[in-house]
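Here is a short briefing for someone meeting this structure for the first time. Look at the model below, then read on.

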Amino acid sequence: MPFRSNPDARRFAIVAEHRYEDAEILPKHGRTNAAIYLAGYAVECMMKAVAISNAAGKQARAEAAREMKEKFGHNLD
């Protein structure tokens, strides 16, 4: 996983992977709307991981992570 160096980016990437796995399971049980929603959420989390990891410098990455959580946040748990 390319987000190993930043714990915040890594956390968003892990959540993205889990939500994608959930989205793959749901259509098998007739839950296509929920699958689409979770797949979109997975993309959102991965985009946040990329944005955090692409910020230049440790302080910029910390600020990006804080901003993602406060302004655009879901509770990851």
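E67 is partly exposed, with a relative accessible area of 28%. Partly exposed means between the two cut-offs: buried is under 20% relative accessible area and exposed is over 50%, using a 1.4 Å probe and protein chains only. E67 sits in helix α3. Its C-alpha atom is separated by 10.0 Å from that of K48, 19 residues apart along the chain.

**Basis of the model**

- This is a predicted model, in which local features need pLDDT of at least 70 and side-chain atom pairs count only at pLDDT 80 or more, while totals for chains, interfaces and linings use all residues.
- Residues are numbered from 1 along each chain as its sequence is written, and side-chain values use heavy atoms, with hydrogens and water left out.
- pLDDT is the predictor's confidence in each residue, from 0 to 100.
- The chain has a mean pLDDT of 83, and 86% of its residues reach 70 or more.
- Confidence is highest in α1, at a mean of 92, and lowest in α3, at 74.

**Overall layout**

- The chain has 3 helices and 0 strands.
- Helices (H or I, at least four residues) and strands (E, at least two) are DSSP runs, numbered from the N terminus.
- Along the sequence the pattern reads α-α-α.
- Of the 77 residues, 29% count as buried.
- About 5300 Å² of the chain is exposed, and carbon and sulfur atoms supply 55% of that area.
- Those areas come from the Shrake-Rupley method with a 1.4 Å probe; for residues, only the protein chains shown count as cover.
- Take the contacts between residues at least 6 apart in sequence: 57% of them join residues at least 24 apart.
- Contact means heavy atoms within 4.5 Å.

**Helix α3**

- At 1.5 Å a residue, the 14 residues of α3 should span 20 Å, and its end C-alpha atoms are indeed 20 Å apart.
- The expected span is 1.5 Å times one less than the number of residues.
- A64, A65 and M68 are the buried residues of α3.
- Seen down the axis, they fall within an arc of 100 degrees, so they line one face of the helix.
- The arc is that of the directions from the helix axis to the C-beta atoms.
- Q59, E70 and K71 are exposed on the other side of α3.
- The cover over the buried residues of α3 includes α1 and α2.

**Helix α1**

- Helix α1 covers residues 7-25, and its 19 residues reach 27 Å from first C-alpha to last, close to the 27 Å expected.
- Its buried residues include A9, F12 and A23.
- The buried residues of α1 cover an arc of only 165 degrees around the axis, which puts them on the same side of α1.
- They pack against α2 (32-54) and α3 (58-71).

**Core and contacts**

- The largest nonpolar core has 17 residues, and F12, L38, Y41, C45 and I52 have the most contacts inside it.
- Each of α1, α2 and α3 supplies at least two residues of this core.
- A nonpolar core is a set of buried Ala, Val, Leu, Ile, Met, Phe, Trp, Tyr and Cys residues joined through side-chain atoms within 4.5 Å.
- Not counting residues up to four places away in sequence, I52 touches eight others by name: N6, D8, A9, F12, R61, A64, A65 and M68.
- A35, in helix α2, is buried, with a relative accessible area of 6%.
- A35 and A23 are 12 residues apart in sequence, yet 4.2 Å apart in space, C-alpha to C-alpha.
- Beyond its neighbours within four places in sequence, A35 is in contact with A23, L26 and P27.
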